[in-house]
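This report examines selected local features of one protein chain, including its aromatic contacts, its helices and its internal spaces. The sequence and the structure are shown below.

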Amino acid sequence: MTGAVAMVELLRGGMVESCHRGHAAICDASGLVAAWGDPEALILPRSSCKMVQALPLVESGAADAAGLGAEHLALACASHQGAPLHVGKVAAWLDGVGFGEADLLCGVQPTRDRDERVRMIRAGESACQLHNNCSGKHAGFLTLARHLGAGPDYVDPAHPVQRAVRAAFEEVTGRASPGFGIDGCSAPNFATTVVGLARAMAVFAAARPDAGDARSRAAGRLSEAMRRHPDLVAGEGRACTELMLATEGRVAVKTGAEGVFVAFLPERGLGVAVKIEDGATRAAEAAIAGLLVHLGALDPAHPAARKRMVGPIVNWRGIETGQMRLAPGFA
């Protein structure tokens with residue numbers, strides 16, 4: 001057991017001005033392959049585990065019964081921008097299964113898409129729950145709730161939907177969750193360790209849509225959906241989308257709040273989890289990019305990698321005043 005290790009540094013004037021520390025783990029089907037910091041550190045995975053939360057939707061048969069395709073499954077795993085692309089597809093999904101925006105329990109969130117935000121301001125329009133980055137996940141919860149014949153309060157930890165999510169989460173992480181926190185979208189977010197989260201990603205890395213068992217088929221379909229539709233998983237300019245495009249669909253990555261990031265590499269059967277101790281998104285993006293480079297899955301010269309690993313710090317006059325880099329000894 002060790003403490004968090006330095007992962008990302010910010011330099012100014014030739015000096016290290018800031019340092020982000022964290023934990024990371026890489027797993028395959030057999031277990032832990034590599035680790036930095038303390039792989040047993042207990043964390044809340046936040047939105048990085050949305051593909052795990054979507055497992056019961058597919059495994060139960062609810063997705064097929066509702067006629068959901070790969071785009072729906074990608075949205076179920078998404079932390080999207082709230083762009084027209086995302087909002088329109090989630091609205092159509094809900095309409096197709098007999099629900100509406102008012103049935104969602106994720107809350108209203110302003111769009112993160114700049115063009116749409118400007119358009120809405122000019123048109124005097126207000127955001128709604130469809131703009132929430134978790135609206136696709138919640139559309140999945142609603143679809144599963146209807147399939148199970150369960151009530152509308154699908155974010156209650158005792159609801160059949162969340163009991164199914166917890167069971168799937170504990171199975172793929174390989175350990176009982178010691179508790180949960182309530183996420184920004186009001187759903188329970190079950191705790192695990194960094195290595196538990198990496199182990200879950202290794203399950204997705206090994207899964208195939210045509211596998212013999214239902215769990216592997218479900219995970220394989222979700223994996224394939226994310227890699228086929230990176231634009232739906234996040235959006236323009238976002239790390240998840242850009243890194244998946246940079247790896248040409250060979251890798252799936254997913255961010256989570258408070259400095260969590262995961263990846264799974266189907267060609268290698270590897271799952272990766274990162275937790276930045278201070279919760280900084282910029283550091284989590286740099287760390288996951290660095291680990292993908294370390295694993296040979298991402299070209300370090302690709303603009304999406306450089307943007308996050310060695311991006312210059314520029315002041316208001318456009319003068320480069322510093323750099324960001326991976327800490328010596330990490331990845």
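## Aromatic contacts

In this predicted model, one aromatic cluster is formed by F169, F180 and F190. Across the whole structure, the search yields 5 aromatic pairs. Two of these are described in the table.

| Aromatic pair | Centre-to-centre distance | Angle between planes | Geometry |
|---|---|---|---|
| W36 and F330 | 5.6 Å | 75° | edge-to-face |
| F180 and F190 | 5.9 Å | 70° | edge-to-face |

The pair of F180 and F190 links strand β5 (residues 180-182), which holds F180, with strand β6 (residues 188-190), which holds F190. These two residues are 10 residues apart. Is each of these two rings buried or exposed, or does it fall in between? F180 has a relative accessibility of 40% and therefore counts as partly exposed. F190 has a relative accessibility of 4%, so F190 counts as buried. The cut-off behind these assignments is that a buried residue has under 20% relative accessible area, an exposed residue has over 50%, and a partly exposed residue lies in between.

The other pair in the table joins W36 and F330, in edge-to-face geometry. W36 belongs to strand β3 (residues 31-36), whereas F330 is in the segment after β12 (320-326), so the contact ties together parts that are 294 residues apart in sequence. Both partners, W36 and F330, are buried.

A further ring contact involves a charged side chain. R146 is placed over the face of F99, at 4.1 Å from the ring centre.

## Helix α7 and the largest cavity

How many residues of α7 are buried? The count is 11 of the 14 residues, which means that α7 is largely enclosed by the rest of the structure. The buried set consists of S135, G136, K137, H138, A139, G140, F141, L142, T143, L144 and A145. The span of α7 agrees with expectation, because 14 residues at 1.5 Å a residue should cover 20 Å and the end C-alpha atoms are 20 Å apart.

The structure has 1 cavity of 30 Å³ or more. The space in the largest cavity is about 40 Å³. Its lining is made up of Q53, A54, L57, A76, K137, G140, F141 and L144. Helix α7 gives the largest share of this lining, with 4 residues. Sorted by class, the lining of the largest cavity comprises 5 nonpolar, 2 polar and 1 charged residues.

The loop between α6 (114-123) and α7 (135-148) contains N132. With a relative accessible area of 4%, N132 is buried. From C-alpha to C-alpha, N132 and T111 are 7.2 Å apart in space, while they are 21 residues apart in sequence.

## Helix α13 and the largest pocket

The largest pocket holds about 380 Å³ of space. Its lining consists of 23 residues, and those that lie nearest the pocket centre are S79, R112, R238, T255 and A257. The elements that contribute two or more residues to this lining are α12 (239-246), β8 (252-256) and α13. By class, the pocket lining has 6 nonpolar, 10 polar and 7 charged residues.

Helix α13 covers residues 281-294 and has 14 residues. From its first C-alpha to its last, α13 reaches 20 Å, close to the 20 Å expected at 1.5 Å a residue. Within α13, the buried residues are A283, A284, A286, A287, I288, A289, G290, L291 and L292. The helix α13 is followed by G296, which has a positive phi near 75°.

## Positive phi outside glycine

Which backbone angle is near 50° at R46? The angle is phi, which at R46 takes a positive value in a residue other than glycine. R46 is located in the loop between β4 (42-43) and α1 (50-53).

A331 likewise has a positive phi near 50° and is a residue other than glycine. A331 lies in the segment after β12, and the same segment contains F330 of the aromatic pair with W36. With a relative accessible area of 35%, A331 is partly exposed.

Definitions and conventions
Residues numbered from 1 in each chain as written. Predicted model: local features only at pLDDT ≥ 70, side-chain atom pairs only at ≥ 80, totals over all residues. Heavy atoms only, no water. Expected span 1.5 Å × (residues − 1). Buried < 20%, exposed > 50% of the residue type's maximum accessible area, 1.4 Å probe, protein only. 1 Å grid on protein atoms, 1.4 Å probe; cavity = no way out; pocket = protein on both sides within 12 Å on 5 of 7 lines; lining within 4 Å. Points joined across faces, edges and corners; volume = space filled by probe spheres on them. Nonpolar A, V, L, I, M, F, W, Y, C, P; charged D, E, K, R; others polar. Phe/Tyr/Trp six-rings, centres within 6.5 Å; stacked < 30°, edge-to-face > 60°. Lys NZ or Arg CZ within 6 Å of the ring centre and 35° of its normal.
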